[in-house]
Structures are given as structure tokens and as C-alpha cells.
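Trainee: I would like to learn how to read a structure feature by feature, starting with charges and rings. Could we take the general idea each time and then turn to the case at hand?

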Amino acid sequence: MKPYFGAFVLMACGLISGCFLFKSSHHLKDQKIKIAFVGSLTGDTASFSKNTLKGIELALKEAKKDGIQIELIVKNNGGNPETAVHNMNELVTDNNIMAILGEVSSGMSLTIAPIAQRAQIPMITPTSTNPRVTEVGDYIFRICFIDPFQGYVMAKFAREHLKVDKVAVLKDRKSDYSKGLASFFTKTFEDLSGHIVMDEVYNTGDRDFKIQLEQIRKTQPEAVFLPGYYRDVALIARQARIMGIQAYFLGGDGWDSDQLFEIGREAVNGSYFSNHFTVESNNENVQQFVKAYRETYHLNPDGLSARGYDATNILITAMKNTKELTRKSLRDELAKINNFPGATGNTSINSHRNAKKPAVVLKVEGPANRYITTIAPE
Ligand code: PHE
């Protein structure tokens, strides 16, 4: 009886695109399934991984209620690439681990993806936006948009919504994410006839940005694009305001942390950044997630937790769609994900194993971020 029923469900699913209602999960019910999350749970950008993990754990808790027990192994690399490599080498040799969720930052994902690819274990990054990450190979997936799009979104927003013409860029030369996003922003901004009046660099963890900011101030930009992570950005914004720079500050998803306002205070107020998620969405799936997250953690979710949640549910959906759960069959099912309805909108995995989806632009207004607009891919 069981195999026939499974075959029927699979056939029905094959006929309905984006079928997530008819799930043949019986083959998962008495299995001991393990997955792993790799992240930087301590270190300079710890809030990213911590919130991603909260989203992952919420999704696993819900799966458990549905009778699917998944054990999560959590590996913290402390922001250290050598530790990340060591952790990854250890994880891939455990044959019971079916997939890796992570890393969060593009730099770390680029460091560990070749290990996942070589071992042929599916790796899904919920959040790494640099295009090179999934180019590592056919076992590497992401469920978020990529930086050429994010750069386009902020360039278009700066030109068409804020109507600025002169922009300075200050990027982190040690971050693949920051360098990539800066160049994609610059390209679209110039295509839209805007002017990049200064292009400056700093290094992750710097505390003093006066030299670069002095150069920037001289060019009198109307906006400064800061494609870095929240901590550096908040410190840059504070110094810039003290030095009398009154321009708008603009950035990308690396700003998505309550620490941005905690550290930056008045200096970051009124700034804009692109993101994957807003609690203000009236989409039913988003609101369901927001409600469940608040009930569990007594906190508002951010884009990281929403993507951790979606990545896990997408992984579980792919597991359900396999006939027999192996790393290879899981990879093949991940590649077929189409119109998955989640906390960050609908996700379809394209032939480059990326997700094409709209971005939102948020405005920093005190500790909360206000939704301004949605920009869809062209
Ligand atoms: N997109 C960032 C990167 O690729 C990671 C990130 C995502 C950081 C979301 C914050 C929020 O490195």
C-alpha cells in the first residue's frame, strides 16, 4: 500500500508546479536525519548567525510536530576561516549528515563551499549574496537574491527615489560581499547617469575612518554607499556625522541587525538599505512566520531569521520529495524547488542554483526599520 500511495503523491506533485501540499514524507518518519548549521556565532558579525539559527530551530520545531525529527549539529567558527574549514571537513565525513545550512557571510561561504562540493553534500546558504558562491558547483545552493540585483536596487532607489547624482562609496576591502556589492552598485548607478565622486576602502574591524571620510567630505556627495556589515557601518556613520557629512547613508543586507541602531544611534537614522524581508509585509505566509517567531522568542524576526527558516523548510520539502533520502537525491530535489511559499516570499531555484526574488528597501527609524518600497528583478 505504502509505495503505491507514495508513487501517486509524487505523480500528482509532478503535475502541479510548486506542489507543496501533497507531501510524501512517510519515508522520513522513522529515519534518524541529521543536518548541520555552520556559522559565526561569536565574533564581529555574530548577530547574523545567531538570528539565522533561531529561524532554523523554529522550522525544525514545527517539522517535529509533523512527525519529522531532524537532528541539528551546530558548528561555530567564531569568524575564523581556518576553524570553518576544519569544521566543514569534519561534518562531511559523517555520512548521516544529509545537508549543510550556511554559511551566512559570502566570504565564509566561499571558503567552505569547495569542501561541500568535493564531498557532494548539498550546502544551502540562506544569506550569502555574492554571485561566486553558487558558481563553486552543483551542490551549492542559495535561497536569496544575489548582489548584482541588490546593487541595482540601491542604485535605482538612489537615482529615482532619492534623486541623488553624486555618491561616494566606502567599502571593506577584506570582504568579498562588500567589494562585490560596491562594484554592482557603481555599475548601475553610472548606467543611470549618476556620478561616483569617490571610491574609498577600509579593512574589517577598523575603528578609525577619518582619513577616508575626509577625502569623501571634500567631494560633497549627496549620498555615501556603505556596503559593509552593521558594526563597521555604524562606526563609520558616527564619525561621518561628527565630521559634518550630512549625506544620506545607503547600504545592503549587511545592515540587517538591531546592532546597527544600537551602535550608530542618531547617525544611522534616516538611512536606507536593501533587504530580503520586512515584518510589515501583509503576505499571509510572512505573517504566519512573524507570529510563530514572536510566540517562540518574544522578539521580532529579521531577514536573517526569516531566511534561516525558509532555507530549512525548503530543505525539508526537498527531503520529502525524494523517493529515498540520499545526498544526491536531495541535491536533485533542491534544484527543482519552484514557487516555494515562505517567510521571504516565493522562492524558485534557477539553473544557477540562485533564487530570483524581489528586494525591499527599508529606512532606519530608531530601533525599527520602516518599509519603503519593493523592487522586483527586471
Ligand atoms: N549578504 C551577506 C553576505 O553575503 C550576508 C548577510 C545577509 C548579512 C543578511 C546580513 C544580513 O555576506
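Mentor: A charge sits over a ring if NZ of Lys or CZ of Arg is within 6 Å of the ring centre and within 35 degrees of the ring normal. Please keep in mind throughout that this is a predicted model.

Trainee: Which residue lies over the face of Tyr297?

Mentor: Lys54 takes that place, at 6.0 Å from the centre of the Tyr297 ring. A second case involves Tyr139, whose ring has the charged end of Arg331 over it, again with 6.0 Å given as the distance from the centre.

Trainee: How are two rings described when they are taken as a pair?

Mentor: A pair of aromatic rings is described by the distance of the centres and the angle of the planes. In this structure the count of aromatic pairs comes to 15, and ring pairs link Tyr297, which we have just met beneath Lys54, with Phe277, Phe289, Tyr293 and Tyr309 into a cluster.

Trainee: Let us turn to helices. What span does α5 reach from its first C-alpha to its last?

Mentor: Helix α5 covers residues 106–119, and its 14 residues reach 20 Å, which is close to the 20 Å expected at 1.5 Å a residue. The helix nevertheless bends by about 35° at Ile112, with a proline, Pro114, following within four residues. Ile112 is also among the buried residues of α5, which include Met108, Leu110, Ala113 and Ile115. After the helix comes Gln120, whose phi is positive, near 55°.

Trainee: How do I judge whether a single residue, such as Leu91, is buried or exposed?

Mentor: Buried means under 20% relative accessible area, and Leu91 counts as buried because its relative accessibility is 4%. Leu91 belongs to helix α4, residues 81–92, and, once neighbours within four places in sequence are set aside, its contacts are Ala36, Val38, Ile73, Lys75, Ile97, Ile100 and Arg327.

Trainee: And what is the case for Asn313 in helix α13?

Mentor: Asn313, within the helix formed by residues 303–321, has a relative accessibility of 17% and therefore counts as buried as well. Leaving out residues up to four places away in sequence, Asn313 touches Ala59 and Phe340.

Trainee: Where does Gly78 lie, and which class of accessibility does it fall into?

Mentor: Gly78 is found in the loop between β2, residues 70–76, and α4, and its 32% relative accessibility is why it counts as partly exposed. Beyond its neighbours within four places in sequence, Gly78 is in contact with Gly39, Ser40, Thr42 and Gly43. The C-alpha atoms of Gly78 and Thr45, 33 residues apart along the chain, are separated by 9.2 Å.

Trainee: Finally, how should I read the chain as a whole?

Mentor: One approach is to compare the radius of gyration with a rule for globules: for 378 residues, a compact globule would have a value near 21 Å, and the chain has 21 Å, so the two agree. Along its principal axes the C-alpha trace spans about 75 × 40 × 40 Å. The chain has 14 helices and 14 strands, and buried residues make up 57% of its 378 residues. Among contacts between residues at least 6 apart in sequence, 67% join residues at least 24 apart.

Methods:
Residues numbered from 1 in each chain as written. Predicted model: local features only at pLDDT ≥ 70, side-chain atom pairs only at ≥ 80, totals over all residues. Heavy atoms only, no water. Helix = DSSP H or I, 4+ residues; strand = E, 2+ residues; numbered from the N terminus. Buried < 20%, exposed > 50% of the residue type's maximum accessible area, 1.4 Å probe, protein only. Contact = heavy atoms within 4.5 Å. Phe/Tyr/Trp six-rings, centres within 6.5 Å; stacked < 30°, edge-to-face > 60°. Expected span 1.5 Å × (residues − 1). Bend = angle between axes of the 7 residues up to and from the residue. Rg over C-alpha atoms; globule rule 2.2 N^0.38 Å.
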